[in-house]
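User: Please take a close look at one part of this model: the site around the ligand. I would like a connected account of what surrounds it.

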Amino acid sequence: MRLVQLIYCSRVVAGVHGTAITSIVDVSRFNNTRDGVTGALCFNANFFLQCLEGERSAVNETYHRILRDPRHEHALLLRYDQISKRQFGDWSMGYLSSQAMAPDLLLQFGSNDRFDPEQLGADAALDFLLALKARSIRLREAA
Ligand code: FAD
């Protein structure tokens, strides 16, 4: 089995928020569990940043389906790698809260404290999502 990891970002289409995001996360969890795809999705009012991991054809099919979705636009592929081990293996689609996206984390990976994934390089995009995942878990444990 060829395991791959794909990271992309895209722009949120105006009017997409709240319940639309919840429905994206719900459908993603259902489909990704079925397809053996794991990963993480984070967003704010302007951007999505998502990592998909799994068997190569499953990740490609999922990505192509996502690209056709009218709820976002201007998708930009940031990273595509063959991997030996999943880094979001415990998440069918971890939803990373904007609460975890604190200014210090944004400054660590970007040139300012705004969430602008189009500015991230391939390694920074992955490192940012992993840092966000670690912080998100800590926040949940502390709650
Ligand atoms: P159908 O439900 O048959 O949809 C047909 C078409 O309508 C598709 O183009 C679909 O995108 C679009 N559509 C569906 N619901 C709506 C709606 N409420 N409003 C507007 N258009 C709609 N899916 C996954 O399986 N895994 C993921 O990890 C994943 N991540 C996503 C990340 C982002 C940022 C976005 C925007 C979507 C994501 N999706 C994900 C959803 C994905 O784009 C598809 O909607 C979903 O996989 C169902 O596809 P389908 O062709 O079977 O859907």
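Analyst: What follows covers the ligand site, then the largest pocket, then a contact elsewhere in the chain.

The model is predicted. Start with the shell. The ligand is surrounded by 18 residues. S28, N31, N32, R65 and D69 are the closest of them. By type, the shell holds 8 nonpolar, 6 polar and 4 charged residues.

Next, the polar contacts. Three side chains can be taken in turn. D69 places a side-chain N or O atom 2.7 Å from an oxygen atom of the ligand. N32 has a side-chain N or O atom 2.9 Å from a nitrogen atom of the ligand. For N31, a polar side-chain atom lies 3.0 Å from a ligand oxygen atom. As for cover, the ligand taken alone exposes 890 Å². The protein buries 65% of that area.

Which elements build the shell? At least two residues each come from α1 (19-35), β3 (47-55) and α2 (56-67). The top contributor is α1, which gives 5 residues. S28, N31 and N32, named above among the closest residues, fall within the 19-35 range of α1. R65 is also among the closest, and its number falls within α2 (56-67).

Now the largest pocket. Its volume is about 310 Å³. The lining consists of 18 residues. Nearest the pocket centre are I24, S28, I66, D69 and R71. Two or more lining residues come from each of β1 (3-12), α1, β3 and α2. Here too α1 has the largest share, with 6 residues. The lining divides into 7 nonpolar, 8 polar and 3 charged residues.

How do the two descriptions meet? S28 and D69 are among the residues closest to the ligand. S28 and D69 are also among those nearest the centre of the largest pocket. The elements α1, β3 and α2 supply the ligand shell, and they also contribute to the pocket lining. β1 is named for the lining as well.

One further contact deserves a look. R135 sits in helix α4, residues 122-142. The R135 side chain makes a polar contact with the side chain of D104, at 2.9 Å. Leaving out residues up to four places away in sequence, R135 touches A100, A102, D104 and L105. D104 therefore appears both as a polar partner of R135 within the 3.5 Å cut-off and in the list of residues that R135 touches.

Conventions
Residues are numbered from 1 along each chain as its sequence is written. This is a predicted model: local features need pLDDT of at least 70, side-chain atom pairs count only at pLDDT 80 or more; totals for chains, interfaces and linings use all residues. Side-chain values use heavy atoms; hydrogens and water are left out. A residue is near a molecule or strand if one of its heavy atoms lies within 4 Å of it. A polar contact is a pair of N or O atoms within 3.5 Å; within protein, one must be able to donate a hydrogen and the other to accept it, and residues adjacent in sequence count only if both atoms are side-chain atoms. Accessible areas come from the Shrake-Rupley method with a 1.4 Å probe; for residues, only the protein chains shown count as cover. Helices (H or I, at least four residues) and strands (E, at least two) are DSSP runs, numbered from the N terminus. Ala, Val, Leu, Ile, Met, Phe, Trp, Tyr, Cys and Pro count as nonpolar, Asp, Glu, Lys and Arg as charged, and the others, Gly among them, as polar. On a 1 Å grid over the protein atoms alone, a cavity is a set of points where a 1.4 Å probe fits but cannot get out, and a pocket is an open set with protein on both sides within 12 Å along at least five of seven lines; lining residues have an atom within 4 Å of a point. Grid points are joined across faces, edges and corners, and a volume is the space filled by probe spheres set on the points. Contact means heavy atoms within 4.5 Å.
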